Amino acid sequence: MELKKNTELLASQQKILTKIALGDPLQEILESICISIEELIDDKTAKCSILKLVDNLLYSIASPSIPNTYSEVIDGVTIGPSAGSCGTAAFIGERVLVEDISNSPLWEGFKNIAKDHQFQSCWSTPIISTKSEVLGTFAIYYDSPKSASQECLNLIDYFVHLSSIAIEKSNDASHMRKLIKDLKVTNQNLNAFIKVIPDPAIIITKEGLYLNVYAASENLLSDPIQDLVGKSIHDILSKDDAKMALDKINKTLQTNEIQVFEYTLTIRANEYIFEGRTIKIDYDNQSHVLWLIRDITNRKNSENEVKKLVYYDPLTNLPNRRLLTERIRDCVEKIKQDNTISVLLFLDIDNFKRINDSLGHSAGDQLLIQSAERLATVLGDVNTLARIGGDEFVILEDEIADNIQQAKSNVIKLVQKIQKIFIEKFEIGKLAFQISASIGIYLIDKNHANSDNILKFADTAMYRTKFKGGNGYSFFDPKQQTLLETKTELESEIVRAIENDDFCAHFQPQVDTEGNVSGAEALIRWNHATKGLVPPYQFIPLAEQFGLIQKLQNIVLHDICLLLNQLSKDSSLPPGYRIAINMAQNQFNSPTLKTELISILNQYDIHPNQIKLEITESMLSNDLPYTVQQMHELKDQGFTFSIDDFGTGYSCLSTLHAYPVDELKIDKSFIDNIENVQTGLPIVETIINLAKNLNISVMAEGVEIIEQFNILKDKKTDGIQGYLIAKPMPAEHYINWHQAATNS
């Protein structure tokens, strides 16, 4: 909930700051502020009002949810020590919190109008300028007595600050318009006027010669006034800025129109940004230009901060999705004109979620920052490197080649450079990580220049790389887009199926070689409304990819607990009976796995020693210390471990002794060939002997015929699972089978 509220707050901030930066009307900006805080504040009866202070009088400037009849009555109220919440706050320059208007002496003259509009409490905060001047007040009304929480006050202060920025910028603009108007009206009294204005002013010729300089202070002048007179604009400004200023001067003289421009100037080792305005005047009976100079350094810095919030990622300072989208559009327009080829690379860090989840977001942030810094080293200044969310980076390179063949060659060289930056380990604190990236490539030419699809197609190519195992690159293939859309549709179906309880566990019995029931394996099944039973291989990989596997595993674990409780109730649980559940890679790597498992088991009063966790060899092939630690923590709780499909994945023979494994499962592919004494049987014997030497039990799965069973019994296999015993079945069918098997 807190994340959602912070997200909404950030969205409101960006929207309001964008309006300020774009110079939207002040009333529209302030009404947006009122609406934003009304939406974010906990009490939905809250109504906001912003009043502007002019000559000790408060005027309503924004109150979108407050009746006009109320605003009209208080409009023009004089501030004072007992002038309601707003009038008092503006008078003393401090926040005024009136929790109950009917009992407040501050509201003595306004209680009736408040009562008529059902206002019973009012909190008012003064809006203070950067010069510590009161600009107005920000008020929130409630229809019942209400005390203020610190969270509400913090939220109010946040939007009061935005209101201050908006009003102050509006005042500056109004002030400048008034100055220009006054200059035109009082041109004949120029000398007297310009001596009192706060900004320096220069009378300058069309050639750029300084005829006279006026300034109340010389702080914003490069030289003393007496030294500036007679100098040329070329002596003061850079070559480019001097040329621009002369162009504006001549345009003013030719058109009689005011010209506005910006330039930079270093004064006493400090760099300033100035706004120049040129106005045509008569001076010494000749047409010259009055050049007004205003220091806008602080304003430009503020605008740059606003731009940074709108267009740049706050973590890495790279362009964000919004700025990237604009640059893609610019790139497309350029390609259409010049008929060149550009490229967009979509890059996703492999297994980033595991690091982020296991070590915390701070470590994940450091990894992203270091990745951004390394990526920047392989790109030229003309290219765009953006972070568009999470661990996703995008590289847009303009004009990579003039033809497709050369473009492919050049982009592969670029990809190879990118891959090299990940070879060196990333260090975060005392830890070191070796990471890689999956890259999707989309070449943009005149025939493939739809800006709306470019990012999506590169994303599709990146997922193709993920499907191939990551740590590589793929060019976009239109067929892959169709495949991705199909998988996206299936993802939506999986989500709906979870909500509709269409998933359940089926159970396949496990017995010893004497036929005694020793346990079962729980297997997820999807009973689709129209397709019937959907094979697990069609949805398990997608569930893992889209982060849904944990929800499916929780469904299976709940069903396991229900079955165990039923069997326990019927007194039909043999000693040592366990039900196995398969663990997915990302689920097993989660630092919250133990907590989640125990939480569900506790709901049903099930002990962990009744649960067997099945993992694959590949899950043991990376990060030995972490995996061993995770397994020991679960073993300490009572869980047991089985390695599923042993011998078919990554060989872990050299480190098998290091893992606290209780069981090896011989894969069906070996059981199918067990009657072949030359090739099949020796493999099975090797696995059994290895397990026995390590004091690990052996379970054979996929046993379908009696001959296989007899060989496994002869080789002293501990457990049997397969169609020979029984197929996987729903819980109610399994209970009947189990009771019959244990009572026979």
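This report describes the overall build of a single chain and then turns to three of its residues.

**The chain as a whole**

The structure is a predicted model, and its chain holds 26 helices and 28 strands. The radius of gyration is 37 Å, well over the 27 Å that the globule rule gives for 744 residues, so the chain is more spread out than a compact globule. Along the principal axes, the C-alpha trace spans about 120 × 75 × 50 Å.

Of the 744 residues in the chain, 47% are buried, while the area that the chain exposes comes to about 36800 Å², with carbon and sulfur atoms supplying 48% of it. When contacts between residues at least 6 apart in sequence are considered, 61% of them join residues at least 24 apart. The chain carries 71 positive and 99 negative charges, and the mean positions of these two sets are 4 Å apart.

**Two residues with positive phi**

Asn-351 has a positive phi of about 55 degrees although it is not a glycine, and Asp-605, likewise a residue other than glycine, has a positive phi near 60 degrees. The table sets out the backbone angle, the loop and the relative accessibility of each residue.

| Residue | Phi | Loop between | Relative accessibility |
|---|---|---|---|
| Asn-351 | about 55 degrees | strand S12 (341–349) and helix H13 (352–359) | 62% |
| Asp-605 | near 60 degrees | helix H21 (593–604) and strand S23 (611–616) | 70% |

Asn-351 counts as exposed because its relative accessible area of 62% is over the 50% cut-off for that class. The same cut-off applies to Asp-605, which is exposed because its relative accessibility is 70%. In the model, Asn-351 is thus found in a loop that runs from a strand to a helix, whereas the loop of Asp-605 lies between a helix and a strand.

**Met-244 in helix H10**

Met-244 is placed in helix H10, which covers residues 239–255. With a relative accessibility of 25%, Met-244 counts as partly exposed, because this value falls between the 20% under which a residue is buried and the 50% over which a residue is exposed.

Which residues does Met-244 touch, if those up to four places away in sequence are not counted? The contacts of Met-244 under that condition are Phe-261, Glu-262 and Tyr-263. As for Asp-348, this residue is separated from Met-244 by 104 residues in sequence and by 44 Å in space, taken from C-alpha to C-alpha.

Terms used
Residues numbered from 1 in each chain as written. Predicted model: local features only at pLDDT ≥ 70, side-chain atom pairs only at ≥ 80, totals over all residues. Heavy atoms only, no water. Helix = DSSP H or I, 4+ residues; strand = E, 2+ residues; numbered from the N terminus. Buried < 20%, exposed > 50% of the residue type's maximum accessible area, 1.4 Å probe, protein only. Rg over C-alpha atoms; globule rule 2.2 N^0.38 Å. Contact = heavy atoms within 4.5 Å. Areas by Shrake-Rupley, 256 points an atom, 1.4 Å probe, with all protein chains shown as cover. Lys, Arg positive; Asp, Glu negative; His and termini not counted. Charge placed at Lys NZ, Arg CZ, Asp CG, Glu CD.
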